[in-house]
Amino acid sequence: MHSDVQTELSVADRVASIGWYQSLRLPGGIRTPGSFDTEDELRRLPFPSSLNGRRCLDVGTAEGFWAFEMERRGASEVVAVDVSNAANWDWPGNADPARRHRYDRERPRLDGFQIAHDALRSNVQRLDISIYDLSPESFGEFDFIFVGSLLLHLRDPVRALSAVAGVLRGELLSVDALSPPLTVMHPLQPVARLEAHGYPMWWAMNLQAYRRLFDVAGLEMLAGGWPFVVKPGPAHVIAPGNQGSLYRRLRHVVAGRVGTVHSWVRARRQA
């Protein structure tokens, strides 16, 4: 009994020692204080209820919420990939080194993944690679792949999805952020706005642009969800009010208080 209490306290202390991007439930009633409420997000997605016997891949895993959920739902093998060092992220060319250093300092996601991995006694394998480097020769193929809130952060989302298509033998579930104004103003035309304002957010896409990505990347869309809000978690920080345009400042405030608009797509590789 004493040993169990000590273990729970140790996990709680480790959780409290870093910042968190995702909200995970760990043994002992511990919940990580993520920037986003990933548990609520899960309830809004067509995530498979069972992954028994399937080989699964979580791309852009962060602290591993989706990878551990795959494992919990019976996957035979789960591989989680991400790029740990912010200096190796797909940054715009105008990003200054100080901003990169700040992201490295404030978002120690590899530490978070290891804390959760240890607490859950998980067998998920984490690899430090970019989505662009996925290949069937190096990693084989997967029955189920999840790509969460990543495409807006990539210079070339089509190339990224093409790499995913190359290792997909089953189904892909993607979820990503949308621009509400562009979706309302252009309900039928695919439209994206180039952001690239010094930190790793390249694109603001409307719903049609997001859906069109899959076809041009060699994927067949099976179903697409309507926009929904990913709620902020207790660790979400509203950006300082003096950064960027009035619209961008307002968007940060809304995201911090209400949430960020997302949508999802289920897809498979084109025949």
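Here is a quick briefing on the cores, one helix pair and two buried loop residues in this structure. Keep in mind that this is a predicted model. The protein has 10 helices and 12 strands, and 49% of its 271 residues are buried. Take the contacts with a separation of 6 or more: residues 24 or more positions apart account for 69% of them.

**The two cores**

- The largest nonpolar core holds 35 residues, and those with the most contacts inside it are Leu26, Leu45, Phe47, Met70, Phe144 and Phe146.
- Both helices and strands feed this core: helix 1 (2-16), helix 3 (65-72), strand 4 (77-82), helix 5 (109-120), strand 6 (142-148), strand 7 (168-177) and strand 11 (228-230) each give two or more residues.
- Helix 3 supplies the largest share of this core, with five residues.
- Leu45 is a handy place to start looking: leaving out residues up to four places away in sequence, Leu45 touches Trp66, Phe146, Leu173, Val175, Phe228 and Trp264.
- There is also a second, separate core of 34 residues, with Leu134, Phe139, Ile145 and Val164 among them.

**Helix 7**

- Helix 7 (157-166) has Pro157, Ala160, Leu161, Ala163, Val164 and Ala165 as its buried residues.
- Val164 from that set also turns up in the second core.
- The buried residues of helix 7 pack against strand 6, strand 7, strand 9, helix 9, strand 10 and strand 12.

**Helix 9**

- Helix 9 spans residues 207-216, and its buried residues are Leu207, Ala209, Tyr210, Arg211, Leu213 and Phe214.
- Those buried residues pack against helix 7, strand 7, helix 8 (180-185), strand 9 (203-205), strand 10 (219-224) and strand 12 (260-269).
- After helix 9 comes Gly218, which has a positive phi, near 90°.

**How helix 7 and helix 9 meet**

- Two packed helices are described by the angle between their axes and the distance between the axes.
- For helix 7 and helix 9, the angle is about 50° and the axes are 9 Å apart.
- An angle of about 50° falls outside the ranges for roughly parallel (under 35 degrees) and roughly perpendicular (65 to 115), so helix 7 and helix 9 are oblique to each other.
- The crossing of helix 7 and helix 9 is right-handed.
- On the helix 7 side, the residues that meet helix 9 are Pro157, Val158 and Leu161, while helix 9 brings Leu213, Phe214 and Val216.
- Sorted by class, this helix 7 and helix 9 contact has six nonpolar residues, with no polar and no charged ones.

**Two buried loop residues**

- Gly225 sits in the loop between strand 10 and strand 11.
- Gly225 has 4% relative accessibility, and the cut-off for buried is under 20%, so Gly225 counts as buried.
- Its contacts, not counting residues up to four places away in sequence, are Leu207, Arg211, Ser263 and Trp264; Leu207 and Arg211 belong to the buried set of helix 9.
- Gly225 and Ser263 are 38 residues apart along the chain, yet their C-alpha atoms are separated by 5.6 Å.
- Thr61 lies in the loop between strand 3 (55-59) and helix 3.
- Thr61 is buried too, with a relative accessible area of 0%.
- Setting aside neighbours within four places in sequence, Thr61 is in contact with Gln22, Ala67, Ala80, Val81, Asp82, Phe113 and Arg126.

Definitions and conventions. Residues numbered from 1 in each chain as written. Predicted model: local features only at pLDDT ≥ 70, side-chain atom pairs only at ≥ 80, totals over all residues. Heavy atoms only, no water. Core = buried A, V, L, I, M, F, W, Y, C linked by side-chain atoms within 4.5 Å. Buried < 20%, exposed > 50% of the residue type's maximum accessible area, 1.4 Å probe, protein only. Helix = DSSP H or I, 4+ residues; strand = E, 2+ residues; numbered from the N terminus. Contact = heavy atoms within 4.5 Å. Axes fitted to C-alpha atoms, helices over the stretch in contact; angles between N-to-C directions. Parallel < 35°, antiparallel > 145°, perpendicular 65-115°, else oblique. Left-handed = near helix turned anticlockwise from the far one by under 90°. Nonpolar A, V, L, I, M, F, W, Y, C, P; charged D, E, K, R; others polar.
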